[in-house]
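Please walk through this structure with me, beginning with one charged side chain and ending with the fold as a whole.

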Amino acid sequence: MSAAPPEVTAAVERANAAIQELQTTLISRLKEEMGRGGPKAAVSVCRDEAQELTASVGKANALAIGRTSHQVRNPANAPRPWAAAVVASNAGRKMAEASPAVFDLGGRVGVLRPIGTMEMCVTCHGPRETVKTAIGDVLGTSYPDDHAVGFATGDLRGWFWVEVPLGAR
């Protein structure tokens, strides 16, 4: 098997850096709001800020970036067509069983990196009864068709996805 061309390697490195930036930003904001107002306040980060923060990271890095899952809360986070098969085939797995993936998208490289369920995530993404106890009806009001529950610490919660144009920066 031959090594990836340098432009693909560079694109994957850019994708990984952007994912790290987005993950750090989102976790920081969630922890900040959890400290201020508990889980109900943290929901506001996902509902009101996450899409904007994601777009900002994408713009700053000149690429497209997002989050997805086999169980989405926000329909805007549905899997990209190129990522759908990997997302579906990994449904129900543990984080340790999932591997990053790279896709040739023509003039772009697609990158998927798994997102594990951390302990703090279970408050809003754990068993439906636990979530309801912790945050009441906030999710039902904000996301009436919510599917992003039933996860335990260590589960594969979803994926970061990135599309990096080849030959850019």
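In this predicted model, R29 counts as buried, because its relative accessibility is 16% and the cut-off for burial is under 20%. The side chain of R29 forms a salt bridge with E33, and the closest N and O atoms of the two are 3.3 Å apart. E33 is also buried, with a relative accessible area of 10%. The two residues sit four places apart in helix α1, so about one helical turn separates R29 from E33. In general, side chains of opposite charge can pair when their charged atoms come close.

Other salt bridges involve residues with more moderate accessibility values. D48 pairs with R47, with 2.9 Å between the closest N and O atoms; here D48 counts as partly exposed at 48% relative accessibility, and R47 is partly exposed as well, with a relative accessible area of 38%. The side chains of D137 and K132 also meet in a salt bridge, at 2.1 Å from N to O, and K132 is partly exposed, with a relative accessible area of 48%. Salt bridges that share partners join R29, E32, E33, R36 and E49 into one network. Over the whole structure, a search finds eleven salt bridges.

From the charged pairs we can turn to the nonpolar interior. The largest nonpolar core has 18 residues, and those with the most contacts inside it are I65 and V162. Helix α1, strand β3 (108-116) and strand β4 (156-165) each supply at least two residues of this core, and α1 gives the most, with ten residues. Another core, of twelve residues, lies apart from it and includes W82, V86, A101 and L112. As for I65, if its neighbours within four places in sequence are left aside, this residue is in contact with A18, I19, L22, T54, V57, G58, W161 and V162.

What happens in the loop between α1 (6-61) and β1 (64-68)? A62 lies in this loop, and its phi is near 55°, a positive value in a residue other than glycine. Most residues other than glycine have a negative phi. A62 is partly exposed, with a relative accessible area of 35%.

The second core leads to the strands, since A101 and L112, both among its residues, are also bridge partners, with A101 in β2 and L112 in β3. Along strand β2 (residues 101-104) the side chains alternate, in that A101 and F103 point to one face and are buried, while V102 and D104 point to the other and are not. Strands β2 and β3 pair in the antiparallel sense over four bridges. Their hairpin has three residues between the strands, and G106 in this hairpin takes a positive phi near 85°.

Finally, the protein can be considered as a whole. There are five helices and four strands, which follow the pattern α-β-α-β-β-α-α-α-β when read along the sequence. The radius of gyration is 16 Å, which agrees with the value near 15 Å that a compact globule of 169 residues would have, and the C-alpha atoms fill a box of roughly 50 × 30 × 25 Å along the principal axes. Of the 169 residues, 43% count as buried. Among contacts with a separation of 6 or more, 73% are accounted for by residues 24 or more positions apart. The accessible surface comes to about 8700 Å², and 57% of this area belongs to carbon and sulfur atoms.

How values were computed. Residues are numbered from 1 along each chain as its sequence is written. This is a predicted model: local features need pLDDT of at least 70, side-chain atom pairs count only at pLDDT 80 or more; totals for chains, interfaces and linings use all residues. Side-chain values use heavy atoms; hydrogens and water are left out. Buried means under 20% relative accessible area, exposed over 50%, partly exposed in between (1.4 Å probe, protein chains only). A nonpolar core is a set of buried Ala, Val, Leu, Ile, Met, Phe, Trp, Tyr and Cys residues joined through side-chain atoms within 4.5 Å. Contact means heavy atoms within 4.5 Å. Two strands pair if DSSP finds at least two bridges between them. A salt bridge is a side-chain nitrogen of Lys or Arg within 4 Å of a carboxyl oxygen of Asp or Glu. The radius of gyration is taken over C-alpha atoms; the globule rule is 2.2 Å times the number of residues to the power 0.38. Accessible areas come from the Shrake-Rupley method with a 1.4 Å probe; for residues, only the protein chains shown count as cover.
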